[in-house]
Amino acid sequence: VANGNSGTGADNNWLKAFSGKVFYNIIDPLYVSASYYNSGQLDTVASEMSIAGLTGAPTRARRWIRQMAEVDLRYDFKKGKILNPPAYCDSLAYIRAAYGHFYDDAKRFNHELRVNDREGNYGYIEGLYNITKKLYAAGRASAIGLNGTPNTASLNGVTANRYERYSLGLGYRLTGATILKGEYSFNNQKKTADEDPKDNLLSLLIASQF
């Protein structure tokens, strides 16, 4: 339960945010979890829970509430000793997937124009394969869509009603604390005019922890 809804610790004096999660290992390699989030009354401030970079209220909303529900799965092949570390997996491979639903309940003042609620679904599937102890390959596909074709929002900075993103990459564990990574990400985004913005990305980076 959080006292403050904007991510800055500020209290807007409305209802408080709540988030909860339950998880269970059905069998040793299979991890399943379900989570729920309710922002409480946000008035006009942003939500601390972002959806494809979208944190603001629906257009013209003077009060709004964000609700989200999500189910996550992870299966490890030849599972190692550590299930889900931030930067290293000692299983031979794993697959993760998630599916979620969100609903932004918008309110208006009586004398103002109609305000539409915002609702949609999102999900992803990703996998990693350890080719050797040092070298691994990974891939990810994700999508978010708004329910109702006329509705659009700023999804990952693009005004659209659906956004899909795909990533392929290689990583090399140079040391126990440093990883070299290369990744290519591209999208298959469809908006009202069926245009595909040129926001493909090639990245090379070094990740190190101290």
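In this predicted model, Asp105 and Lys107 form a salt bridge, with the closest N and O atoms 3.6 Å apart. The two partners sit in contrasting surroundings. Asp105 counts as buried because its relative accessibility is 17%, below the 20% limit for that class. Lys107, by contrast, has a relative accessibility of 41% and therefore counts as partly exposed.

A similar pairing of surroundings can be followed in a second contact. The side chains of Glu126 and Arg140 meet in a salt bridge, at 2.7 Å from N to O. This pair links distant parts of the chain, with Glu126 in strand S5 and Arg140 in strand S6 (residues 135-146), 14 residues apart. Glu126 has a relative accessible area of 12% and is therefore buried, whereas Arg140, with a relative accessible area of 34%, is partly exposed.

A third salt bridge joins Arg66 to Asp104, and here the closest N and O atoms are 2.9 Å apart. Arg66 belongs to strand S3 (residues 63-77) and Asp104 to strand S4, so the contact ties together parts that are 38 residues apart in sequence. Both Arg66 and Asp104 are buried. The contact also has a wider setting, as Arg66, Asp104 and Arg118 are linked in a network of salt bridges. The count for the model comes to seven salt bridges, among them the Asp105 to Lys107 contact described at the outset.

It helps to place these residues in the sheet that holds their strands. Nine strands make up an open sheet with antiparallel pairing, and their order is S1-S2-S3-S4-S5-S6-S9-S10-S11. Strand S1 (18-27) and strand S11 (201-208) stand at the edges; each has a single partner strand, so one side of each is left without a neighbour in the sheet. From one strand to the next, the twist averages 15°.

Within this order, S3 is followed by S4, S5 and S6. Strand S4 (residues 93-107) and strand S5 (residues 118-130) run antiparallel and are joined by 12 bridges. One point at which to look for this pairing is Gly100, whose bridge partner in S5 is Tyr122. The strands named in the salt bridges can be traced along the sheet in turn: the Arg66 to Asp104 contact runs between S3 and S4, while the Glu126 to Arg140 contact runs between S5 and S6.

How values were computed
Residues are numbered from 1 along each chain as its sequence is written. This is a predicted model: local features need pLDDT of at least 70, side-chain atom pairs count only at pLDDT 80 or more; totals for chains, interfaces and linings use all residues. Side-chain values use heavy atoms; hydrogens and water are left out. Two strands pair if DSSP finds at least two bridges between them. Helices (H or I, at least four residues) and strands (E, at least two) are DSSP runs, numbered from the N terminus. Axes are lines fitted to C-alpha atoms, for helices over the stretch in contact, and angles run from 0 to 180 degrees between N-to-C directions. A salt bridge is a side-chain nitrogen of Lys or Arg within 4 Å of a carboxyl oxygen of Asp or Glu. Buried means under 20% relative accessible area, exposed over 50%, partly exposed in between (1.4 Å probe, protein chains only).
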